[in-house]
Amino acid sequence: AMDLPPAPQMIMVPRANPYYFWDPRGGEVRWLLEQIFGPPYFRDMLPPVIEKNYGQWKYHERIKPGLLKHVAESGDELYTVRVGSGRLVSTDWIRDVCKIADQFCDGYLRFTSRHNLEFLVSDKDKVEPLIEHLKANGYVVGGTGHTITNPVHTQGWIHCHTPATDASGVVKAVMDELIEYFVDWKLPAYCRVALACCLNMCG
């Protein structure tokens with residue numbers, strides 16, 4: 001087995017360039033992974049400060065509900081502003097948040113696995129203006145620390161033909177009642193809520 005050539009999927013130089021693979025027939029072949037597997041390589045889309053300090057983050061702080069501060073070994077800082085988001089959103093809403101990201105954080109934002117929206121800000125002076133802008137335009141900032149984070153839920157009636165209930169409407173009604181626990185540190189610990197329309201829990 002020691003004399004066998006490496007398999008095509010084996011990376012010749014780990015981390016050096018993820019697009020280069022070893023070709024057992026000899027030489028290097030540049031394969032564009034996004035054409036083979038679908039999604040582009042995630043590190044091509046990282047904010048510059050994250051790419052620069054990848055794997056070298058020293059600690060993070062919870063400044064206040066909805067605001068995290070990450071500090072790298074190099075001393076670089078990155079601020080994360082978290083906003084509550086619906087699981088089902090319109091293209092107009094996405095365009096609006098992209099415009100906000102362009103204005104305050106060089107276009108960098110992300111969605112968490114629980115459908116929170118996070119703006120990634122590398123300029124400290126833009127953090128508070130961003131938060132003020134978000135609140136003035138009806139966005140709810142919070143969900144970090146000892147809060148209830150955004151509920152995760154399943155497809156509901158809009159996409160699925162077998163749900164026992166419509167998760168989207170129930171989650172909206174529940175969060176309307178619990179919103180004070182999203183925007184302020186009133187709970188003794190983290191709190192997460194999930195709602196499934198059926199036992200599959202597809203969300």
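This passage describes a buried asparagine, an aromatic cluster and several salt bridges in a predicted model.

Asn-53 is located in the loop that runs between helix H2 (48-52) and strand S3 (57-64). With a relative accessibility of 1%, Asn-53 is classed as buried, because the cut-off for this class is under 20%. The side chain of Asn-53 places a polar atom 2.8 Å from the backbone oxygen of Val-49. The side chain of Asn-53 also makes a polar contact of 2.7 Å with the side chain of Ser-74. When neighbours within four places in sequence are set aside, the residues in contact with Asn-53 are Ala-72, Ser-74 and Asp-76.

Asp-76 also takes part in a salt bridge, with Lys-52 as its partner and 2.9 Å between the closest N and O atoms. Asp-76 belongs to the loop between strand S4 (67-72) and strand S5 (77-83), while Lys-52 belongs to helix H2, so the pair ties together parts 24 residues apart in sequence. The two partners differ in accessibility class: Asp-76 is partly exposed at 21%, whereas Lys-52 is exposed at 54%.

The model contains eight salt bridges in total. Another of them joins Lys-69 to Glu-77, with the closest N and O atoms 3.4 Å apart. In this pair Lys-69 is buried, with a relative accessible area of 15%, and Glu-77 is partly exposed at 28%. A further salt bridge connects the side chains of Lys-172 and Asp-176 at an N to O distance of 2.8 Å. Both residues lie in helix H5 (residues 167-178), and because they are four residues apart there, about one helical turn separates them. Asp-176 is partly exposed, its relative accessible area being 45%. In addition, a network of salt bridges links Arg-82, Arg-110 and Glu-118.

Two aromatic pairs were counted. In one of these, the rings of Trp-93 and Phe-111 are tilted, with 6.3 Å from centre to centre and 40 degrees between the planes. This pair links distant parts of the chain, since Trp-93 is in helix H3 (residues 91-104) and Phe-111 is in strand S6 (residues 109-111), 18 residues apart. Phe-111 is partly exposed at a relative accessible area of 44%. The rings of Trp-93 and Tyr-139 have centres 6.4 Å apart and planes at 50 degrees, so this pair is tilted. Here the partners are 46 residues apart, Tyr-139 being in the loop between helix H4 (127-136) and strand S8 (152-153). Tyr-139 is buried, with a relative accessible area of 12%. Trp-93, Phe-111 and Tyr-139 make up one aromatic cluster.

Terms used
Residues numbered from 1 in each chain as written. Predicted model: local features only at pLDDT ≥ 70, side-chain atom pairs only at ≥ 80, totals over all residues. Heavy atoms only, no water. Helix = DSSP H or I, 4+ residues; strand = E, 2+ residues; numbered from the N terminus. Buried < 20%, exposed > 50% of the residue type's maximum accessible area, 1.4 Å probe, protein only. Polar contact = N/O pair within 3.5 Å; in protein donor to acceptor, adjacent residues only side chain to side chain. Contact = heavy atoms within 4.5 Å. Phe/Tyr/Trp six-rings, centres within 6.5 Å; stacked < 30°, edge-to-face > 60°. Salt bridge = Lys/Arg side-chain N within 4 Å of Asp/Glu carboxyl O.
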